[in-house]
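Open the model in your viewer and keep the sequence panel beside it. The stops below each begin with something to select and then say what is found there.

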Amino acid sequence: MSFVSTGGVSKWSQITIDADKDMGGKGLSDLKQVAAAMVGGDLIAKGLGGILVRIPAGIANTVLTSQGALMLPVWAPGGLYLNRYFPANINLSVPTATKNTTRSHTKSNSMAGKLPSPFYSVDVAEDLGNLVKFENPAITLPGSRTKNTTRSHTKTKTITIPSHYDLNIVVGGAEAYNNTGAVFTDETAAAQSAAANDMTLLPLVATVGCAYYFGHVKLFDLMTLNIGTPGAGTGWVIVWEYWNGAWVGLPGLVDGTNQFQAAGGNHDVTFTRPGDWATTAVNGVTLYWIRARLTNITTETTQPKGTQAWITIKT
Amino acid sequence: MSFVEVGGVSKWSQVVIDADKDMDGFGLTDLKELVAGMTAGDIIAFNATTGQLGKVSPGVISTELLTKGTKFPPVWGFPDTGG
């Protein structure tokens with residue numbers, strides 16, 4: 001059985017595609033893909049170039065959001081929420097404080113003089129026989145009564161006191177630097193968007209000196225990078241630096257990205273905010289920058305790619 | 001029995017579509033459209049009413065793709081905030 005009868009081609013691969021084709025309602029099944037390099041979770045849409053393209057899956061909990069007619073939809077934070085328009089999260093740190101209040105008071109009530117004197121007389125004018133019963137001993141009443149009451153109570157109330165607020169916001173700038181040719185590429189929009197793998201953390205052919213810059217208009221305390229594709233290779237050394245008139249190592253650095261080789265997902269790069277951090281222009285953009293610079297590499301088997309990056313400002 | 005009855009064809013335009021086709025896991029790329037009349041931004045969904053793939057054209061800016069339940073193509077709109 002052949003796709004095309006004998007005398008002509010017999011394989012699909014031999015068919016020359018020379019025209020649009022109306023399938024006449026017939027189906028195609030077990031089709032691997034209609035757009036190149038589709039992976040699980042991709043959607044298909046008509047591209048701006050006139051052919052079908054893939055829309056990669058967005059990060060978790062984003063929703064497919066229209067960009068209007070003739071534009072590809074994008075994955076973005078969902079709902080009619082503020083962070084759609086101001087994509088920042090404010091993390092409120094609320095350690096608890098305990099306030100102990102102790103109240104103690106003593107109340108004394110003296111009843112002295114407030115009771116009648118203990119004088120009673122009984123005149124027995126006649127023998128009332130067994131109609132009157134005399135108490136033995138005689139009835140007595142206290143001349144005074146003192147009531148001492150002491151109340152003491154302790155009340156413990158736990159209240160929450162915000163101690164600081166963390167502002168988490170997308171980076172203000174992102175620059176990819178390829179040392180081969182000394183070429184900067186502005187990837188700010190890519191770093192701010194949730195589109196997967198649109199940040200080239202290192203070039204496809206990485207060489208010593210290649211770097212990726214993350215910046216913001218304000219001083220910040222940590223950078224969070226969503227890695228879409230973890231890099232892989234050998235002899236791979238990345239240093240993190242900031243600008244104080246020269247590029248120097250970040251103090252107190254903890255590189256959660258594992259030199260761009262950590263598994264896909266969010267990873268923090270934490271450091272002690274330098275006191276002498278200064279702004280500088282990188283590819284014409286003046287911000288407070290940190291950079292991840294490649295100082296050694298033997299092989300690069302997988303190019304690391306990022307999806308999105310944020311900075312956090314602690315107050 | 002062959003997919004194409006005439007012999008000697010070598011061009012797609014000459015192929016008579018007379019049956020469904022199992023692609024056996026092979027792909028098609030650089031395909032202009034699966035649904036007639038697609039324009040940029042359209043996405044593809046199965047329409048149980050027509051039994052065919054259909055296009056879902058872009059909504060207005062900032063609308064979100066909302067499910068209308070099984071059997072129905074999704075639509076662009078604003079979600080119910082529940083408020």
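**Starting in chain B**

Select residues 43–47 and 52–56 of chain B in this predicted model: these are strands β3(B) and β4(B), which pair in the antiparallel sense over 5 bridges. If you then pick Phe46(B), the bridge partner to look for in β4(B) is Leu53(B). The two strands, β3(B) and β4(B), form a hairpin with 4 residues between them, and in that turn Gly51(B) has a positive phi of about 75°.

Widen the selection to the whole of chain B, whose secondary structure comes to 0 helices and 6 strands, following the pattern β-β-β-β-β-β along the sequence. Of its 83 residues, 19% are buried, and among contacts in chain B between residues at least 6 apart in sequence, 6% join residues at least 24 apart.

Colour chain B by pLDDT before moving on, since the mean is 79 and 87% of the residues of chain B reach 70 or more. Among the elements of chain B, strand β1 (residues 4–7) has the lowest mean pLDDT, 48, whereas strand β6 (residues 75–77) has the highest, 88. Over residues 1–6 of chain B the pLDDT is below 50, although this stretch has 19 contacts in the model beyond near neighbours in sequence. Where pLDDT is low, the predicted coordinates should not be read in detail.

**Across to chain A**

Now show both chains and select the residues in contact between them, which are 53 from chain A and 50 from chain B. On the side of chain A that touches chain B, the elements giving two or more residues are β1 (4–5), β2 (28–29), β3 (43–46) and β5 (62–65) of chain A. Among these, β3(A) gives the most, with 4 residues, and the residues of this side of chain A divide into 27 nonpolar, 19 polar and 7 charged. For the model, the scores are ipTM 0.78 and pTM 0.46.

Which strand of chain B pairs with β2(A)? Select β2 (residues 21–22) of chain B together with β2(A), and you have a pairing in the parallel sense over 2 bridges; within it, Ser29(A) stands opposite Asp22(B).

Next, centre the view on Val63(A), which has its place in strand β5 of chain A. Is Val63(A) buried or exposed? Val63(A) is partly exposed, because 18 other C-beta atoms lie within 10 Å, whereas a residue counts as buried at 20 or more. Leaving aside residues up to four places away in sequence, Val63(A) touches Trp75(A), Ala76(A) and Gly78(A), and also Glu64(B) and Leu65(B). A distance label between the C-alpha atoms of Val63(A) and Trp75(A), which are 12 residues apart along the chain, should read 5.2 Å.

**Inside chain A**

Hide chain B and display chain A alone, with its 2 helices and 24 strands. Buried residues make up 26% of the 315 residues in chain A, and of the contacts in chain A with a separation of 6 or more, 71% are accounted for by residues 24 or more positions apart.

Select Ala174(A), Tyr213(A), Phe214(A), Trp289(A) and Ala309(A), which touch the most other members of the largest nonpolar core, a set of 47 residues. The elements each supplying at least two residues of this core include β11 (173–178), α2 (188–192), β14 (211–216) and β24 (305–314) of chain A, while the largest share, 6 residues, comes from β22(A). This core draws at least three residues from each of domain 1 (34–80) and domain 2 (88–92 + 166–314) of chain A.

Within that core, zoom to Tyr213(A), which, not counting residues up to four places away in sequence, touches Ala174(A), Glu175(A), Tyr177(A), Val282(A), Trp289(A) and Arg291(A). Apart from the largest core lies another, of 11 residues, and Val34(A), Ala45(A), Leu52(A) and Ile55(A) are among its members.

**Last stop: confidence in chain A**

Finally, colour chain A by pLDDT, where the average is 80 and 72% of the residues score at least 70. Over residues 1–6 of chain A the pLDDT is below 50, and this stretch has 21 contacts in the model beyond near neighbours in sequence. Residues 118–126 of chain A also have a pLDDT below 50, with 4 contacts in the model beyond near neighbours in sequence.

Conventions: Residues numbered from 1 in each chain as written. Chains lettered and ligands numbered in written order. Predicted model: local features only at pLDDT ≥ 70, side-chain atom pairs only at ≥ 80, totals over all residues. Buried ≥ 20, exposed ≤ 12 C-beta atoms within 10 Å, placed from the backbone. Contact = placed C-beta atoms within 7 Å. Nonpolar A, V, L, I, M, F, W, Y, C, P; charged D, E, K, R; others polar. Pairing = 2+ DSSP bridges. pLDDT = per-residue confidence, 0-100. Core = buried A, V, L, I, M, F, W, Y, C linked by C-beta atoms within 7 Å. Domains from an automatic or database assignment.
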